[in-house]
Amino acid sequence: MNNNNKIFQFKLVLLGEAAVGKSSLVLRFVRGHFLDYQESTIGAAFLAQTVCLNDTTVKFEIWDTAGQERYHTLAPMYYRGAQAAIVVYDIRSEDSFERAIKWVKELQRQGSPNIVIALAGNKLDLAAKRKVETAEAQQYAEENGLLFMETSAKTSQNVNELFVEIAKKLPKTPTTRPGSGRGVQINPIDNGAPKKKCCN
Amino acid sequence: MKSDEGGGSVNNNKFKDNTFRKYGVEVVAYNNNNNNNNCNNVAVNSRGYQFSIHPFSFRNKLTINQSGGGIGSSLSSSNTTPKPQSFYIDDAGIAKQLNQSIFDILSRSRYLSSLSHENLAEFIAAEPSQKHHDQMLIVSEDYKNSLEKQIEIQAKKQSPISSNTIGRYAYQILKALSYLHSQDLTHRSLSLDNIKLDDNNQIKLTNYGLYYLSDHGENVSFPIGNLLYLSPESLLRGTKGSSNTKADVWALGCILLHICLGYCIWQDNNPSIVINRILHLSGYSTTQLFNTTSKSFEECELKRNQNQKGYEEEEEISEEEKKRRIKEIKLNNRENMNNFLNSLKENNNNNNNNIGIGLNGLDKELIEIIEQCLIPNPMDRPDSETLLDHPYFNEYKKMDPYQLQWIIKPFTKSWDLPDSLESLSLKEIESYGIGCENESESDSDIYSGKEIYYIWKLLGGNIEKELVNKGFAKPSPSVHKLPLYVPVKASLTESTSSGLNSPQHQYQHQHQHNQQHPNIIKSKNSTVYNNEFCLIELSIVFSKIKESFKVHGYKVFEEGYESSLGSTKFNNIENNIELQIIIIREFHKLLYQYQYDDPTLSQPKIYRLAKLFVPPILRGDIWSAILGVNEKEAKQLYNSINLDLKGPNDKQFELDIPRCHQYHPLLSSRQGHVQLFKILKAWSLLNIEKGCYWQGLDNVASPFLVHHFFNEPIAFASLKAFVDKYLSILYVPNNHAALSEIMLIYQQLLAYHDPELLNHLIEIQLDPNLYSIPWFITVFAHILPIDKLEILWDSILLCPSSLPNFIAASMIIQFRDSILKMNFEDGITMMSMIPSVDVHKCVRDALTMFNQTPLSTTVTKFVSNTDQELWWMQEVPFEKRKLELFPRIDIHDLINDQQKVIVDIRPPLQFQQIHYPSSINVNPKLSKLQQQMEQYKGQQIVVIAPKDSGVEFTNQLIQWKFPFVSMLNGGMDSLEHGAYSLLITSNKN
């Protein structure tokens with residue numbers, strides 16, 4: 001790690017239908033563990049984690065939102081000002097995929113401009129019960145310029161990879177974006193924050 | 001009842017009309033000497049009441065994925081119908097992560113403990129053993145004496161049990177059985193040693209729960225039931241579901257025959273002979289024959305089938321063979337059984353033993369009943385209810401104090417009657433309508449087995465210790481609990497048998513077994529059912545009860561006890577067992593009154609007593625009484641909701657319920673999921689118009705379900721009442737405004753009590769809506785584990801609905817020292833530490849804060865008022881209110897408490913014209929304001945400001961970390977309007 005290492009901070013939000021595994025993905029990424037029965041998220045939960053790229057460190061401030069449709073009204077509060085979003089669906093559920101598409105549209109319409117959106121088909125460990133074909137999702141992602149990955153929070157397959165891909169895609173230019181609620185600066189911070197995860 | 005050895009001496013006075021509990025240990029206190037609150041004479045009528053602990057090993061059911069199925073399939077040999085994706089394994093540490101069996105057993109145990117019948121020993125609890133993770137301990141009411149012992153005693157006395165007594169036994173056993181059967185339960189292991197007799201010689205069945213508890217034998221690796229009394233259909237079919245309620249009727253027939261003859265006629269040391277004898281009697285051709293002349297079974301050559309199968313091998317018969325056999329038994333006639341019974345009847349004077357009266361000594365009708373019980377084909381065999389209707393029992397029914405007799409006299413006030421008439425005794429019914437009989441000088445109560453167990457534990461009782469002390473806990477290597485095991489090397493087995501317990505060994509075992517390795521060792525521990533019960537004497541509990549009645553008397557909670565609340569008498573109740581005993585008794589009385597008498601009288605008393613202490617054992621009942629739930633109404637309402645309808649949230653429930661409090665054994669059990677689903681669905685259907693389901697309601701419903709497991713109507717009604725009281729504004733389609741309001745109040749409370757913390761939170765931009773939504777939308781049910789939550793809710797239920805705000809504030813203040821040092825990120829991460837909060841301290845602090853806070857701070861003051869004069873009663877836009885860090889109070893709070901520093905920031909001229917007595921006029925623009933105000937820091941400060949101003953000044957005080965700062969809503973205008981006479985005006989001077 002050289003001294004020129006710069007830290008960029010980004011706000012990332014997770015969206016998607018209830019029980020598709022948003023919290024599980026975040027917990028797998030941040031804490032490295034998985035619970036069979038992850039309590040449902042009410043309102044939202046906040047966690048942070050850093051990712052090391054070749055010469056930069058990206059720090060994610062992650063807002064994990066509630067999936068129930070009713071909590072939809074709260075969602076703008078969390079995705080406002082977010083530079084990245086992961087829209088999650090359950091590969092075993094068509095409905096959750098359709099819901100994911102709606103989230104993508106809402107983000108493209110109302111989210112920050114240039115927001116990096118990743119589409120994650122979760123529960124890959126249960127691929128035997130797959131209902132959403134990889135190709136279908138892949139195609140949708142390509143058409144809409146989204147990152148796409150199928151993940152499993154349970155086996156941790158593609159979880160770190162997903163965040164790394166997002167980190168790579170985020171613009172590392174010292175600009176300030178409009179944020180609301182909590183001010184978000186993405187100016188490089190010089191002090192070395194603890195780096196928990198390093199991937200190359 | 002016909003002259004009988006003590007059996008008829010049922011004390012008619014034992015049924016009190018004001019007892020909450022029906023069966024258990026009765027305590028009677030007489031007060032001979034007037035005036036004295038203390039009881040002079042306390043009697044505990046235990047009738048030989050004891051506990052038994054029954055340890056049994058269960059097996060874990062492990063579900064694995066197809067990919068790993070290789071291991072699973074190899075072990076399924078003991079399972080005749082292997083399912084593709086699951087296998088069973090006796091837990092030797094392998095299945096530790098999946099506790100589904102424990103959870104299912106525990107959830108079923110709650111059903112058993114909800115049963116209540118005069119001839120059933122109460123099922124008290126099932127607890128997982130702390131020492132052996134594959135062992136469950138069943139605690140049950142029990143008695144020393146059993147039918148088995150009774151037969152021995154009578155035999156010693158050379159006076160066999162009389163026909164009349166056998167009839168009474170039959171009657172009482174049948175009553176218990178037909179109650180069990182009406183609850184969809186099969187006893188399966190009815191036998192002489194678990195038909196107990198209390199000191200009044202009344203029948204108490206025990207061990208009736210194991211078959212149900214183990215999912216019809218699925219979760220245990222030993223056969224359930226006494227071979228001697230197993231019905232032919234149970235013997236022929238496989239393990240699971242082989243017995244239904246008819247099997248119990250057969251067992252009863254066998255037992256009655258056994259009592260009457262003094263022995264079991266088909267008994268033999270070799271189980272396969274016993275099986276063959278039973279099957280022979282059922283008309284099945286076997287190696288055993290009953291010789292009607294010699295009155296004994298004889299070995300014979302098998303005519304048709306090669307059925308020299310032993311009991312152990314019974315399970316290995318092929319499926320087709322079994323089906324064929326079952327078919328066969330249906331076709332068979334009753335000839336063999338009839339011949340057998342007839343020959344026993346003819347057996348006139350040959351009966352020279354004195355252990356049984358013989359069939360001839362029996363009433364004709366009773367013989368008929370036995371004959372009916374022993375009909376081999378379960379389809380033809382009568383069920384327990386039919387048998388109970390046999391005219392022979394009419395006489396017993398007449399004498400039965402528990403038997404409900406209709407039309408004793410006309411009732412005019414039917415609404416006086418409790419809902420569950422079936423369970424009422426004659427005496428209880430008589431006492432209705434008559435009203436209170438004068439029992440002035442005596443007082444009685446019944447403590448249920450669960451309460452006795454609770455007290456026993458308070459007194460230091462520990463079931464595991466008892467087992468060790470009485471030599472029941474025999475350590476053995478886990479591997480011995482596998483049904484079959486194979487030593488890796490012969491030399492190893494020889495040297496040490498305990499060295500076999502290694503994963504490697506088990507792996508070996510599985511593979512070798514798959515190849516039908518010849519050296520398989522059949523474990524004794526797993527197949528032989530340990531039918532040993534550890535009996536516990538309870539005299540320590542009974543004497544404690546006596547003592548507490550003597551010490552505290554029975555009038556301790558009469559009028560005016562609250563005055564002594566502050567006294568040391570009521571301190572530290574958690575450790576004051578005597579007081580708890582009395583409190584439980586008092587709750588019994590109040591809860592009974594609440595459900596069946598006048599709830600308006602008893603509810604306030606329950607409230608007051610609950611503030612003193614909520615006994616955990618009665619928590620569910622107390623909560624529902626405080627919430628105003630009436631059992632009868634709850635049932636009516638719940639049953640009126642059509643749960644078959646498709647609900648709007650069904651899909652969401654299915655997603656949420658399997659994730660809700662899954663660490664809790666009851667809530668993670670299948671039963672728990674089903675019941676929670678029904679409760680939530682009932683709620684959402686009932687509130688389909690106005691209310692709506694938000695994630696989190698599942699968490700709110702959970703504690704109620706835990707307390708009223710298998711009693712959905714009450715759990716549902718409690719949830720409904722709770723939501724109505726605390727959450728009605730939140731469980732609606734648009735709750736944003738309400739939620740914001742609650743969070744604002746919380747924030748203002750925080751400013752009032754801990755301005756430094758609030759300032760810091762604002763500084764690091766840790767806004768309440770980033771972390772506190774789940775707190776308020778679930779009244780903390782989402783963030784705290786159930787056991788902690790209960791402590792909070794005990795207080796929340798007894799206090800005004802604003803208490804959750806104080807709890808929230810006191811919760812975060814507990815972490816203030818850490819949070820003060822933190823930035824946003826660490827701070828919000830800290831919020832996930834909230835579950836580690838000390839709830840007792842949290843409640844104490846919240847109550848202190850509650851008492852220090854003017855009431856009006858938490859009440860929405862803005863009622864829409866068109867009167868322009870009263871501008872302070874107008875609704876203020878939320879955006880504007882959000883800028884105020886401080887709470888507003890109304891004039892009542894200002895006037896009622898003289899301890900406040902009143903800071904009037906109006907211009908001096910206005911102040912001179914009119915002001916509140918002893919208020920201080922301060923210029924908010926003063927340069928040395930902070931220094932000037934410093935002297936008031938720590939006191940309650942109320943700001944009186946001109947209309948539309950003062951916010952900046954008051955906020956400034958909070959930023960300077962002044963606690964207890966509030967603003968008078970409406971300022972001087974509201975004082976002039978509401979309390980003009982109190983004001984000091986220049987004119988008056």
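Here is a short briefing on the contact between two chains and on three spots in chain B. The model is predicted. Chains A and B touch each other, with 18 residues of chain A in contact with 22 residues of chain B. Within chain B, we will visit helix H11, the residue B:Trp960 and a region annotated in UniProt.

**Where the chains meet**
- On the chain A side of this contact with chain B, you will find 8 nonpolar, 7 polar and 3 charged residues.

**Helix H11 of chain B**
- Helix H11 spans residues 364-373 of chain B, and its buried residues are B:Leu366, B:Ile369, B:Ile370 and B:Cys373.
- Looking down the axis of H11(B), the buried residues fall within an arc of 100°, so they line one face of the helix.
- This fits a general rule: an α-helix has 3.6 residues a turn, so residues three or four places apart point the same way.
- The packing partners of the buried residues of H11(B) are three helices of chain B: H4 (163-182), H7 (245-261) and H12 (384-388).

**The annotated region**
- The unreviewed UniProt entry places the feature "domain: Rhodanese" at residues 896-943 of chain B.
- Over residues 896-943, chain B is 27% helix and 23% strand.
- The end C-alpha atoms of residues 896-943 of chain B are 16 Å apart.

**B:Trp960**
- B:Trp960 sits in a loop of chain B, between helix H42 (951-959) and strand S22 (965-968).
- Is B:Trp960 buried or exposed? B:Trp960 counts as partly exposed, because it has 16 C-beta neighbours inside 10 Å, while a buried residue would need 20 or more.
- B:Trp960 and B:Ile777 are 183 residues apart along the chain, and their C-alpha atoms are separated by 32 Å.

Terms used:
Residues numbered from 1 in each chain as written. Chains lettered and ligands numbered in written order. Predicted model: local features only at pLDDT ≥ 70, side-chain atom pairs only at ≥ 80, totals over all residues. Contact = placed C-beta atoms within 7 Å. Nonpolar A, V, L, I, M, F, W, Y, C, P; charged D, E, K, R; others polar. UniProt positions renumbered as here; feature names shortened; annotations may be inferred. Helix = DSSP H or I, 4+ residues; strand = E, 2+ residues; numbered from the N terminus. Buried ≥ 20, exposed ≤ 12 C-beta atoms within 10 Å, placed from the backbone. Arc of directions from axis to C-beta.
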